[in-house]
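Work through the exercises below with the structure in view. Try each task before reading its solution.

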Amino acid sequence: MTEVAALDGLTVVEFASGIAGPYCGWLMACLGADVIKIEDARGDPQRHLEPPGPSGDGAAFTALNSGKRSFVPPYGPVGESALRHLVAAADLVIADEGPLAEMARDVTWITSNVGPQTVVCWTSPAGPSLPATELEVQGMSGIQRALGQFGEAPVRVGADVSQVLAGNFLFQGALAALFERDHSHLGQSVTTSGIGALAAVSSIMIAAVDDPDEWNGPHCLAAAYPKDHGVPTEDGGVSLTPSRRSDEAWVAMCEELGAHELGADPSLAHEYQRAPRTRQINRRLAEFTYQRSRAAVIDCVIRHGGFAVPVQTWDEVVAHPQAGAIDAFTELEPGRRTLAPPWRINNLRPHPSRGAPSLGADTEDLLGLADGERPGPA
Amino acid sequence: MSGMVRWPARAGFDDGPLAGVKVLDLSALATGPWGAMLLASLGADVVKVDPPDGDHIRLILPKKKGDPTTYTICNLGKRNIVLDLKSAEGKAACLRLAELADIIVENHRPGAMTRLNLDFESVSQVNPGIIYCSSSSFGNEGPMAQVGSTDPHGQAFSGFVSMNGAYGAGPEFLRYGGVVDLTTAACLTQACLVGLHWRARNGRGCQITTSQFEGAMSAQISRSSNYLVAGQDVVPLGTATSTYAPSEAFECRDHRYINVSAPNQQTWEALCGAIERPDLLEMPAFRTNRDRVANRSKLSAVLAEEFAAYDLTRWRYRLSRYQVPHGEYTVLDDAVAGVSRTELNRYITSVPHLPGGELKVGAPPWKFSRSKAALTVSARPGQHQGQFTDLLLPDDQMPEGSR
């Protein structure tokens with residue numbers, strides 16, 4: 001049976017720079033939407049950030065903007081009119097508070113030019129008019145309680161987690177509003193922020209410290225724990241959980257690792273005794289794992305019914321056969337990839353239909369549109 | 001169709017953007033349930049099925065007024081029934097619910113639902129419109145398909161850990177926050193919403209899968225591009241980033257830290273104004289962003305000396321005046337306790353807690369101008385069993401003409 005892409009026929013106009021808005025637009029492009037990125041003559045500032053990829057654009061720009069078209073409206077009435085037509089015909093407009101949104105003169109320009117059925121998506125790092133980047137948002141969110149160590153300098157989450165999640169939730173809000181529009185025939189606006197996204201995914205931590213009966217369990221106490229590098233081996237850290245199903249498997253695993261005393265410890269003989277003592281167990285196992293190879297430790301844990309995985313660097317992530325088995329990346333050219341969307345539909349990974357556009361690559365095509373005409377597919 | 005068994009109507013919140021969408025939540029622990037919880041706060045009618053011995057997330061501490069907090073935040077706004085899916089009756093009742101649902105959410109090991117005859121193919125035979133959304137550990141194919149995973153395993157395997165930590169130190173885990181679990185859950189929610197649009201265009205259901213591996217990778221799309229697109233290793237940088245400089249925490253004279261970032265030339269010039277160092281603008285090592293990224297350590301040392309000279313409050317005024325992105329550190333526990341009022345407090349909301357009183361949670365992450373999105377109380381296991389009585393009867397006891 002032939003399949004139509006999930007967002008086939010949808011027109012999206014994107015006035016967004018940075019990560020959150022473009023991430024939302026990129027997911028839509030991967031699902032068959034026609035996403036038109038509006039840029040000024042300098043382009044999305046993300047094009048100019050480090051490190052550059054083969055096209056000369058910043059690597060993250062390439063990852064976040066593949067599958068889109070790029071439109072640079074010329075100064076003057078022709079550009080102005082083209083922009084108005086694009087926005088009026090859009091099913092969805094994505095905007096943030098960055099310089100590309102400023103091109104639309106001000107925020108009311110967008111709302112006054114969209115049609116009654118348009119869904120308008122807004123995002124910002126930390127709410128309107130508070131200048132902040134990923135680092136400041138992470139600091140405001142309190143997430144650093146889960147990293148680093150008391151008395152030492154703070155550490156951030158390496159990933160741009162607040163911005164990507166703001167985009168993740170923006171995509172959700174947009175799809176929900178578009179679904180509702182199918183019945184109501186009315187558009188509306190959807191807003192997310194980086195700080196709001198981080199607060200949402202911190203819910204487990206937030207609820208845990210809201211006056212609990214007792215301050216127990218790792219979600220309460222993690223802030224006081226030392227840094228966690230995983231269980232050490234000769235060649236890198238491992239994240240491991242011994243078998244939860246069988247007490248015999250636990251003993252056998254300890255025997256094989258040479259941790260005889262640990263396996264014979266009566267206070268750890270049963271799963272219900274071991275489950276709350278993961279940190280203590282991992283500390284004691286470390287004495288036996290640090291002089292073994294990572295592969296040997298992982299193999300031993302898995303053979304005895306537990307699960308264990310290596311702490312991988314990105315070259316290892318890419319090289320691991322699991323990434324290939326689930327088609328996790330989009331191949332740009334040999335050796336150059338971007339991450340693909342995090343789901344498969346009927347076992348097929350959606351991929352963007354083309355790479356990231358060069359600045360203004362589609363301006364001419366889009367300027368040729370007659371009044372009121374909807375932009376056609378790329 | 002009178003006389004047919006129906007999905008029982010629910011009272012209360014039903015005006016979100018997903019009003020009328022019926023979700024059967026067969027998941028457990030955090031990822032599946034929190035993903036389905038997001039659908040519930042968008043207005044979907046979510047019925048969660050728990051096994052007779054309960055969702056094991058109930059064992060995760062702490063508790064508030066006797067109820068486990070992590071279970072609660074993962075199950076807000078749902079109805080709950082208990083079914084033994086290993087029994088023939090339980091399985092039949094579940095299949096009946098599946099027949100009436102729009103979406104199924106599950107997060108068991110690949111193959112587990114097939115053994116229960118509740119997989120996509122089996123459900124499709126009775127409900128060709130079903131949108132079947134699964135989250136696994138590492139994906140449902142490949143050498144890791146049957147390896148289990150919790151939040152830290154997903155972090156480790158996906159590269160997420162490799163970019164956290166002090167500069168030059170070993171990579172470190174995000175400790176016990178469940179952040180990667182909930183990020184994966186957000187990807188599962190996306191999958192469900194994508195499924196609704198896919199079904200609208202194709203006129204039939206579909207199967208959508210995600211995994212903790214994919215969810216953890218998704219959060220790294222920008223930083224991982226350094227390796228994937230530009231061939232550059234991704235390493236821990238403390239509070240710095242690889243894309244622009246400066247962006248770092250600096251220790252002030254009063255030993256408090258302030259985060260300061262200059263993501264573009266304009267803010268870099270403003271920063272030099274705020275710290276009264278216009279001479280830095282003339283230094284070749286710091287002229288462009290590319291220069292500053294290449295000379296990050298040198299730049300950090302210069303700025304660290306400036307920030308150490310005055311207290312944080314002074315810097316707050318200076319950086320605000322010059323519109324330089326900056327921020328202070330929130331202690332999450334203090335913000336939740338209300339002993340400090342910070343930006344984070346605007347995004348914490350209270351929900352009714354089942355044993356009484358309220359529980360603080362991260363607010364739903366979207367605001368709609370017209371539709372409503374809201375969090376409501378979490379259900380006790382089996383609390384809504386009675387509403388589903390007809391559906392749960394064995395076949396030979398079904399009311400006349402109901403099937």
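**Exercise 1.** In this predicted model, find how strand β7 (residues 131-136) of chain B pairs with strand β8(B), and over how many bridges.

Solution. Step 1: β7(B) and β8(B) run in the parallel sense, and six bridges join them. Step 2: to locate one of these bridges, start from B:Ile131, whose partner in β8(B) is B:Cys206. Step 3: β8(B) also pairs with a strand of chain A, namely β12 (residues 344-345), here in the antiparallel sense over two bridges. Step 4: in that pairing, A:Ile345 has B:Ile208 as its bridge partner.

**Exercise 2.** Decide which residues lie on each side of β8(B), and whether they are buried or exposed.

Solution. Step 1: in a regular strand, side chains alternate between the two faces of the sheet. Step 2: one side of β8(B) holds B:Cys206, B:Ile208 and B:Thr210, and the other holds B:Gln207, B:Thr209 and B:Ser211. Step 3: the cut-off for buried is under 20% relative accessible area. Step 4: six of the six residues of β8(B) (residues 206-211) are buried, so the strand is largely enclosed by the rest of the structure.

**Exercise 3.** Describe how helix α6 (residues 134-141) and helix α8 (residues 194-201) of chain A cross.

Solution. Step 1: two packed helices are described by the angle between their axes and the distance between the axes. Step 2: the axes of α6(A) and α8(A) come within 9 Å and cross at roughly 40 degrees. Step 3: because of this angle, α6(A) is oblique to α8(A). Step 4: the crossing of the two helices is right-handed. Step 5: A:Val137, A:Gln138, A:Met140 and A:Ser141 of α6(A) meet A:Gly194, A:Ile195 and A:Leu198 of α8(A). Step 6: sorted by class, this contact has four nonpolar, three polar and no charged residues.

**Exercise 4.** Work out which strands stand at the edges of the open sheet β7-β8-β9 of chain A.

Solution. Step 1: the sheet has three strands in the order β7-β8-β9, with antiparallel pairing. Step 2: β7 (231-233) and β9 (307-310) of chain A each have a single partner strand, so they stand at the edges and one side of each has no neighbour in the sheet. Step 3: on average, neighbouring strands are turned by 35 degrees against each other, direction ignored. Step 4: β7(A) and β8(A) are joined by three bridges, and A:Thr233 stands opposite A:Gly236 in β8(A).

Technical notes. Residues numbered from 1 in each chain as written. Chains lettered and ligands numbered in written order. Predicted model: local features only at pLDDT ≥ 70, side-chain atom pairs only at ≥ 80, totals over all residues. Heavy atoms only, no water. Axes fitted to C-alpha atoms, helices over the stretch in contact; angles between N-to-C directions. Helix = DSSP H or I, 4+ residues; strand = E, 2+ residues; numbered from the N terminus. Parallel < 35°, antiparallel > 145°, perpendicular 65-115°, else oblique. Left-handed = near helix turned anticlockwise from the far one by under 90°. Contact = heavy atoms within 4.5 Å. Nonpolar A, V, L, I, M, F, W, Y, C, P; charged D, E, K, R; others polar. Buried < 20%, exposed > 50% of the residue type's maximum accessible area, 1.4 Å probe, protein only. Pairing = 2+ DSSP bridges.
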